[in-house]
Amino acid sequence: MLKGRLGLETARVPHADRHGLLWLERGRLSAEDGTLRFVCAGGGDLDAGDYAIPFQMVSFICLGPGSAVTQDALRLLARHGTGLAAVGEHGVRLYASMPFGPDASALARRQALAWGDPVARVALARRMYAWRLGEILPQTDLNALRGIEGARMKEIYRRLAQQYGVAWVGRRYDREQPERDDEANQALNHAATAVQGAALLAVAATGAIPQLGFIHEDSGISFCLDVADLFRDSITVPIAFGAVRDAQRTPAEPMERIVRRLAGRTLHDKKVIPSMIDRIKEMFPAGAANPEPLTALADPCP
């Protein structure tokens with residue numbers, strides 16, 4: 001029997017039986033007769049029209065630019081444990097998120113167990129470096145691993161800068177005055193922010209704990225930074241250097257705008273956020289209390 005004016009009070013579809021993310025933008029999300037309605041103005045990936053939203057069959061709704069949501073819609077989503085995030089175009093920013101997603105804490109508990117075990121923690125850090133670098137490093141000291149990664153990144157920056165025809169003098173970041181950095185470093189800062197936004201969304205969608213990082217430690221989003229770094233070589237740096245190349249054709253356009261546009265298109269076309277979600281699930285697989293030994297290397301990140 002229907003209870004309450006917004007529909008079923010307790011009926012929920014388990015997240016294991018749901019699909020992943022649903023992207024909506026340029027429209028109004030409201031509740032009507034116990035279901036969700038999205039009136040879209042068009043102009044994005046979705047044609048103009050009036051859509052019924054199967055919110056019980058998705059885990060997370062990403063509400064993009066030019067959109068509004070009613071309080072009744074928020075109540076209905078909360079009732080059924082469906083997450084809602086206000087995001088930049090194609091997920092380049094995460095502005096706010098309802099803390100709903102998976103209806104079980106298993107992945108978060110496996111993350112906490114691995115983080116709390118010094119041996120498992122280093123094993124997972126080594127796995128993340130192996131995914132990035134394409135090989136299993138024998139070192140078990142985290143500082144040594146960071147040093148090796150830093151040296152490899154210098155070569156990756158140099159190689160990709162040459163590939164994109166970008167002048168490169170090294171990674172520099174003035175936290176006090178970031179706008180004074182050269183174009184390549186400005187673009188890297190903006191691209192890193194965009195990919196971190198995607199990682200924040202992936203962490204929220206999986207119900208992982210953002211503070212418990214395995215390589216990063218001090219930030220309140222340390223685990224999100226870990227996830228974003230998995231895609232630094234393949235996504236972040238190519239976005240940045242591609243934006244610098246694009247800026248040569250439109251020199252009057254702000255670098256941040258060029259980067260965000262290219263980042264949004266890249267995240268969308270390469271399905272980066274779903275890939276991040278898959279990686280998080282691989283880190284903490286069901287039935288595993290700790291990471292498996294590094295006897296084989298999974299495919300590197302796309």
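**Figure 1. Surroundings of Tyr157 in the predicted model, where Tyr157 is buried with a relative accessible area of 8%.** The ring of Tyr157 forms an aromatic pair with that of Trp168, and this pair is tilted, with 5.1 Å from centre to centre and 40° between the planes. Tyr157 belongs to helix H4 (residues 142–164), whereas Trp168 sits in the loop between H4 and helix H5 (183–206), so the pair ties together parts that are 11 residues apart in sequence. Phe241 joins these two residues, and Tyr157, Trp168 and Phe241 form one aromatic cluster. In the whole structure, a search finds 5 aromatic pairs, the one between Tyr157 and Trp168 being among them.

**Figure 2. The aromatic pair of Phe223 and Phe284, which links distant parts of the chain.** The two ring centres are 5.8 Å apart and the planes meet at 45°; because this angle is neither under 30 degrees nor over 60, the pair counts as tilted. Phe223 is placed in helix H6 (residues 222–229) and Phe284 in the segment after helix H9 (272–283), with their positions 61 residues apart in sequence. Phe223 and Phe284 are both buried.

**Figure 3. Arg279 over the face of Trp131.** The view shows a charged side chain together with an aromatic ring: Arg279 lies over the face of Trp131, at a distance of 4.3 Å from the ring centre.

**Figure 4. Val122 and Phe214, residues that are 92 places apart in sequence.** Despite this separation along the chain, the C-alpha atoms of Val122 and Phe214 are 7.3 Å apart in space. Val122 is part of helix H3 (residues 118–133), and with a relative accessibility of 23% it counts as partly exposed, because this value is not under the 20% that would make it buried.

**Figure 5. Thr70 in the loop between strand E6 (68–69) and helix H1 (71–79).** Thr70 has a relative accessible area of 15% and is therefore buried, the limit for that class being under 20%. When its neighbours within four places in sequence are left aside, Thr70 is in contact with Arg28, Leu29, Ser30 and Ala31. Of these contacts, Arg28 and Leu29 are two that fall within strand E2 (27–32).

**Figure 6. Two residues other than glycine with positive phi, Arg26 and Lys271.** Arg26 has a phi of about 55° and is found in the loop between strand E1 (19–24) and strand E2 (27–32); with a relative accessible area of 28%, Arg26 is partly exposed. Lys271 has a phi near 50° and is found in the loop between helix H8 (255–269) and H9. The relative accessible area of Lys271 is 54%, and Lys271 is exposed because this value is over 50%.

**Figure 7. Cys40 and Cys224, two buried cysteines.** The relative accessibility is 6% for Cys40, which therefore counts as buried, and 1% for Cys224, which therefore also counts as buried. A search of the whole structure finds 0 disulfides, so neither Cys40 nor Cys224 has a cysteine partner with its sulfur atom within 2.5 Å.

Conventions: Residues are numbered from 1 along each chain as its sequence is written. This is a predicted model: local features need pLDDT of at least 70, side-chain atom pairs count only at pLDDT 80 or more; totals for chains, interfaces and linings use all residues. Side-chain values use heavy atoms; hydrogens and water are left out. Helices (H or I, at least four residues) and strands (E, at least two) are DSSP runs, numbered from the N terminus. Buried means under 20% relative accessible area, exposed over 50%, partly exposed in between (1.4 Å probe, protein chains only). Contact means heavy atoms within 4.5 Å. Rings of Phe, Tyr and Trp (its six-membered ring) pair if their centres lie within 6.5 Å; planes under 30 degrees apart count as stacked, over 60 as edge-to-face and the rest as tilted. A charge sits over a ring if NZ of Lys or CZ of Arg is within 6 Å of the ring centre and within 35 degrees of the ring normal.
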